[in-house]
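Trainee: Could we go through how the labels given to charged and nonpolar residues are justified, setting each value against its cut-off?

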Amino acid sequence: MTDRVPKAAKRAAGRTQTAQVPAHIAAFGVTLDRDARDLIRQQLGTKLGKYATSIERISVRVSDVNGPRGGVDKSCRIKVVLSGLPSAIFESQALSVNDAVNGALTGTERLVRRSLERRLAMARKAAAGGGPSEDPSGEEP
């Protein structure tokens, strides 16, 4: 996953490779150094790379919900914008940033996979002629 994509490349519609999918990572109340951001991008590529042709962009928000009070307060919210489908959003909370990111990545992968499988199943059903407007008896009204 990349940090930025040039405007000219955004204008060209079509399928993208894993390295071309823009991933924006934001941190609120948590410090994420360059190595941590690179690790998150690498994990995104590992978990979601196989779906890169259907992904337009990804946003990752890591935050400290309770501030300095402590507790289960690290949150990671991942939003994946899919081509021709509603966005997939998953949020995970944990004691540490790494656990929150790993939980959100796992849930996001499952959510994206289900969304794309559902689209494929609907396309197959439509291609087979099993659309919802057809009467299964085949009789005219």
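Mentor: Let us begin with one pair in this predicted model: the side chains of Lys-74 and Asp-64 meet in a salt bridge, with 3.9 Å from N to O. The two residues link distant parts of the chain, since Lys-74 belongs to strand E3 (residues 74-82) and Asp-64 to strand E2 (residues 55-64), 10 residues apart.

Trainee: Why is the contact between Lys-74 and Asp-64 called a salt bridge?

Mentor: The definition asks for a side-chain nitrogen of Lys or Arg within 4 Å of a carboxyl oxygen of Asp or Glu; the N to O distance for Lys-74 and Asp-64 is 3.9 Å, so the pair qualifies. Both Lys-74 and Asp-64 are buried.

Trainee: How do you know that Glu-56 and Arg-57 form a salt bridge, and are these residues buried, partly exposed or exposed?

Mentor: Their closest N and O atoms are 3.8 Å apart, which is to be set against the limit of 4 Å, and therefore the label holds. As for exposure, buried means under 20% relative accessible area and exposed means over 50%; Glu-56 has 39% and Arg-57 has 44%, so each counts as partly exposed.

Trainee: What makes Arg-34 and Asp-38 a pair about one helical turn apart?

Mentor: They are 4 residues apart in helix H2 (residues 34-48), which means a separation of about one helical turn. Their side chains meet in a salt bridge at 4.0 Å, N to O, and Asp-38, with a relative accessible area of 35%, is partly exposed. A search of the whole structure finds 6 salt bridges, and Lys-47, Lys-50 and Glu-109 are linked in a network of such bridges.

Trainee: Why does Arg-114 count as partly exposed, and in which patch does this residue gather?

Mentor: Its relative accessibility is 45%, which falls between the 20% and 50% cut-offs, so partly exposed is the right term. Arg-114, which lies in helix H3 (residues 97-127), gathers with Arg-110, Arg-113 and Arg-118 in a patch of positive charge on the surface. Patch members need over 30% relative accessible area, and the 45% of Arg-114 is therefore sufficient on that count.

Trainee: Which residues have the most contacts inside the largest nonpolar core, and which element gives the largest share?

Mentor: That core has 27 residues, and Ile-58, Val-60 and Val-80 have the most contacts inside it. Elements giving two or more residues to this core include strand E1 (23-28) and strand E4 (88-94), while the largest share, 7 residues, comes from H3.

Conventions. Residues are numbered from 1 along each chain as its sequence is written. This is a predicted model: local features need pLDDT of at least 70, side-chain atom pairs count only at pLDDT 80 or more; totals for chains, interfaces and linings use all residues. Side-chain values use heavy atoms; hydrogens and water are left out. Buried means under 20% relative accessible area, exposed over 50%, partly exposed in between (1.4 Å probe, protein chains only). Patches are made of residues with over 30% relative accessible area and no salt bridge: like charges are joined within 9 Å, nonpolar side chains (Val, Leu, Ile, Met, Phe, Trp, Tyr) within 5 Å. Accessible areas come from the Shrake-Rupley method with a 1.4 Å probe; for residues, only the protein chains shown count as cover. Lys and Arg count as positive and Asp and Glu as negative; His and the chain ends are not counted. The place of a charge is taken as NZ of Lys, CZ of Arg, CG of Asp or CD of Glu. A nonpolar core is a set of buried Ala, Val, Leu, Ile, Met, Phe, Trp, Tyr and Cys residues joined through side-chain atoms within 4.5 Å.
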